[in-house]
Structure formats: structure tokens, C-alpha cells
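Trainee: I am new to this structure. Please take me through one part of it closely.

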Amino acid sequence: MPPGVRNAVGGALSCGTAAAPMSAYYMIAGTPKKSEFFEKTVLYLRSVQGEAAILWYAGHGDARGDWCMEDGKVSYLDIVDEWVKIDQELKPGTRNYRKGTLTIVADCCHSGQWALDAAWHYAEMRGRGGG
């Protein structure tokens, strides 16, 4: 990551090697406002709709691993809810329908909590209970 950039949203066209072409990439320098973060994130997720998306955050995390913005926090469910809304815009029969993947890389304090939240959320979605 370039010097002075602490928060970034970026993506590769598909899963694969580091040599994969970049289809869309947004970087946010410093500590953004929550609205700016979501504006860039939604633009990015829409640009790779049905493909592989990678969100990379390097910055401060609170005790739950939530990302600290200038005026609030971003939680795991905030990110997943945006992804689901965008994914649901693809209609059955559309190329790449339900083929998109979301990878989240969090370089912040307590980021491991998001992995636990993701496992719980996945189990709950599959009807196996989250606890």
C-alpha cells in the first residue's frame, strides 16, 4: 500500500494470482467519513458485480474488530448487507448470477472477531444455528 494510505478498498477482476488485472480500484487516504467509505465501497462492489471482490482495510479496529471511520464504525454486517443488496440485483439467467465472491482483508486490532462473525453468520444462513 502506498505511504500515507491507511484505508483502502480495492479489487481484482477474478480470483487467482497477484498478476490478475485490476478491474476497479478505489483508495481512500487518511481516515474517511463513514458515508465516503460506503460511497466508494458501493461503487466498487457494483463495478465487479458477479465477479470476485476484495475489500482491504488497514486502520483502527475497535474491540469487536469494527473499522473506525472519522464519524463512526463499519461492522461486518454493514459490509455483508451491502454485498447482499448488490448481489440480489442480478437476476436468474444473468451471466455471473450468484457467482460473485467477497473477500475481506482486515489489518486492524481485533479483526479476528470478523472471522468468528462470518462463521456464525454462514452457519445461521445454512440453518445450522450460529451458536
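**A close look at one glutamate**

Mentor: Start with Glu82, which touches Phe38, Val42 and Leu45 (contact means heavy atoms within 4.5 Å; residues up to four places away in sequence are not counted). This is a predicted model: local features need pLDDT of at least 70, side-chain atom pairs count only at pLDDT 80 or more, and totals for chains, interfaces and linings use all residues. Residues are numbered from 1 along each chain as its sequence is written, and side-chain values use heavy atoms, with hydrogens and water left out.

Glu82 sits in helix H2, residues 76-87 (helices are DSSP runs of H or I, at least four residues, numbered from the N terminus). Its relative accessibility is 18%, so Glu82 counts as buried (under 20% relative accessible area; exposed is over 50%, partly exposed in between; 1.4 Å probe, protein chains only).

Glu82 also forms a salt bridge with Lys85 (a side-chain nitrogen of Lys or Arg within 4 Å of a carboxyl oxygen of Asp or Glu). The closest N and O atoms are 3.3 Å apart. Both residues lie in H2, 3 residues apart, about one turn of the helix. The whole structure has 3 salt bridges.

Now turn to helix H1, residues 34-47. Its buried residues are Phe37, Phe38, Thr41, Val42, Tyr44 and Leu45. Seen down the axis of H1, they fall within an arc of 165° (taken from the directions from the helix axis to the C-beta atoms), so they line one face of the helix. The face turned away from that buried side carries the exposed residues Ser35 and Glu39.

Terms used. Helix = DSSP H or I, 4+ residues; strand = E, 2+ residues; numbered from the N terminus. Expected span 1.5 Å × (residues − 1).
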